[in-house]
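Got your viewer open? Turn on the cartoon, keep the selection box handy, and follow along.

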Amino acid sequence: MFKVNENYLKLPGSYLFSTIGKKVNAYSAAHPDKKIIRLGIGDVTQPLAPAIIDALHSAVEEMGKAETFHGYAPDLGYEFLRNAIAENDYKARGCDIAADEIFISDGAKCDSGNIQEIFSLDNKIAVCDPVYPVYVDSNVMAGRTGTYDAQKETWSDVIYMPCIADHDFAPQLPEETPDLIYLCFPNNPTGAAITKAQLQEWVDYANRVGAVILYDAAYEAYISEADVPHSIYECDGARSCAIELRSFSKNAGFTGVRLGFTVVPKDLKCGDVMLHSLWARRHGTKYNGAPYIVQKAGEAVYSKEGREQLKEQVAYYMKNAHYIYSGLKEAGYTVSGGVNAPYIWLKTPDHMTSWEFFDYLLENVNVVGTPGSGFGPSGEGYFRLTAFGSYENTVEAVDRIKAAKL
Ligand SMILES: Cc1ncc(COP(=O)(O)O)c(C=O)c1O
């Protein structure tokens with residue numbers, strides 16, 4: 001008789017966004033006349049930039065001719081894309097990362113969920129609280145997190161690093177020493193960023209205690225402040241302690257196209273074993289490469305036209321972020337984020353729980369956001385709004401919230 005992976009049974013409740021979806025569907029079924037504005041899920045809304053569409057079209061044409069047809073992609077990605085990434089995302093920022101340390105994938109969600117499998121089950125993970133849920137859940141599935149305390153909403157074998165207002169939503173070095181440290185900056189959900197000096201402390205710490213930092217920089221394109229690093233490899237010593245995860249979803253609107261990459265420097269070793277070799281082995285065994293046409297579209301992200309067009313796209317979303325941030329502040333809310341990230345993190349008014357405020361906004365102003373408690377216990381009493389809507393909807397949503405201020 002077969003048995004299931006019992007670790008999956010330990011996962012609590014249903015996924016945050018399915019609960020939101022159910023509540024929103026129930027409300028719209030009961031009130032079909034109401035216009036609901038969704039500033040909840042972190043999906044983009046602007047169409048792909050013309051330079052990307054052109055690259056897709058011409059790659060599709062190539063696929064239709066025997067002379068230019070492409071089958072399986074190379075395991076680690078096409079060189080044209082890995083070179084473009086190495087040049088533009090790393091060398092141009094003074095980071096020492098070679099093209100063969102870059103592994104192309106179909107996005108940062110898969111990579112951030114899969115990366116844990118090259119590490120021993122004995123490793124102890126540390127995560128920010130609140131946090132992008134994939135890091136913890138993928139370790140639960142692997143059996144690395146111990147037992148769940150439903151009251152505290154925490155796992156016995158996970159080190160939580162509360163990211164609270166007193167520290168500008170930045171994590172503090174943990175008291176207990178972790179083996180794997182998940183960091184995400186600019187942060188989802190809080191929208192917080194850390195300076196290069198702050199990140200350097202983490203790199204120094206990881207090198208000192210022999211930990212690996214899994215650095216998720218999916219929102220790097222939204223950084224506007226000069227002292228905020230775009231890559232962890234801007235810090236000295238990061239090559240021996242950090243893996244970086246990147247995505248084309250938010251900088252180029254690839255959420256439905258699917259492209260990302262992971263950087264594993266060859267200096268990152270456990271004894272004589274290079275993590276690079278393990279991830280290459282994993283990639284070669286379990287993954288057959290992002291499609292050629294998508295990797296060509298990814299290359300166009302780095303072209304002159306692509307860069308100009310995407311700068312405008314990011315600016316469009318950041319205009320929304322600014323409108324949300326300043327509008328809510330004017331209305332008396334306590335708000336943060338929105339400066340180096342497309343997320344605004346607000347404190348719920350009148351000691352409402354995150355879900356009470358969710359219901360309040362849905363029912364009174366027909367605006368959907370994301371309850372902060374869905375990202376971890378320290379998110380309770382907070383709420384996330386995203387800047388990924390259209391400008392018109394964003395303005396209408398914020399104006400409705402302002403008019404209905406509690
Ligand atoms: C922190 C973080 N990492 C990764 C992802 C997923 O990126 P991708 O679309 O490349 O899978 C998201 C998506 O919302 C995210 O917020």
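The tour goes from the whole chain to a helix pair, then the ligand, and ends in the loops.

One bit of housekeeping: this is a predicted model, where local features need pLDDT of at least 70, side-chain atom pairs count only at pLDDT 80 or more, and totals for chains, interfaces and linings use all residues. When you type selections, residues are numbered from 1 along each chain as its sequence is written.

**Whole chain.** Start zoomed out. You should find twelve helices and 17 strands, where helices (H or I, at least four residues) and strands (E, at least two) are DSSP runs numbered from the N terminus. Along its principal axes, the C-alpha trace spans about 60 × 55 × 50 Å. The radius of gyration is 21 Å, which agrees with the value near 22 Å for a compact globule of 406 residues; this radius is taken over C-alpha atoms, and the globule rule is 2.2 Å times the number of residues to the power 0.38.

**Helix pair.** Next, select 79-90 (α3) and 292-300 (α9): these two pack at an angle of about 25°, with their axes 9 Å apart. The axes are lines fitted to C-alpha atoms over the stretch in contact, and angles run from 0 to 180 degrees between N-to-C directions. That angle makes α3 roughly parallel to α9, a label for angles under 35 degrees. Now show side chains: F80, L81 and A84 in α3 meet Q295, G298 and E299 in α9, with contact meaning C-beta atoms, placed from the backbone, within 7 Å. Those contact residues divide into three nonpolar, two polar and one charged (Ala, Val, Leu, Ile, Met, Phe, Trp, Tyr, Cys and Pro are nonpolar; Asp, Glu, Lys and Arg charged; the others, Gly among them, polar).

**Ligand.** Which residues come nearest the ligand? Of the 14 around it, pick G107, K109, N188, S247 and S249; being near takes a C-beta atom, placed from the backbone, within 6 Å. By class, the shell has four nonpolar, eight polar and two charged residues. Helix α4 (108-114) gives the largest share, three residues.

**Odd backbone spots.** Stay on N188: a cis peptide bond joins N188 to P189, with omega about 20°. P189 sits in the loop between β7 (180-184) and α6 (196-209). Jump to D129 and P130 for another cis bond, omega about 5°; P130 is in the loop between β3 (125-129) and α5 (134-142). Last stop, F169: its phi is near 60°, positive in a residue other than glycine, and F169 lies in the loop between β6 (158-162) and β7.

Note on methods
Angles under 35 degrees count as roughly parallel, over 145 as roughly antiparallel, 65 to 115 as roughly perpendicular and the rest as oblique. Two residues are in contact if their C-beta atoms, placed from the backbone, lie within 7 Å.
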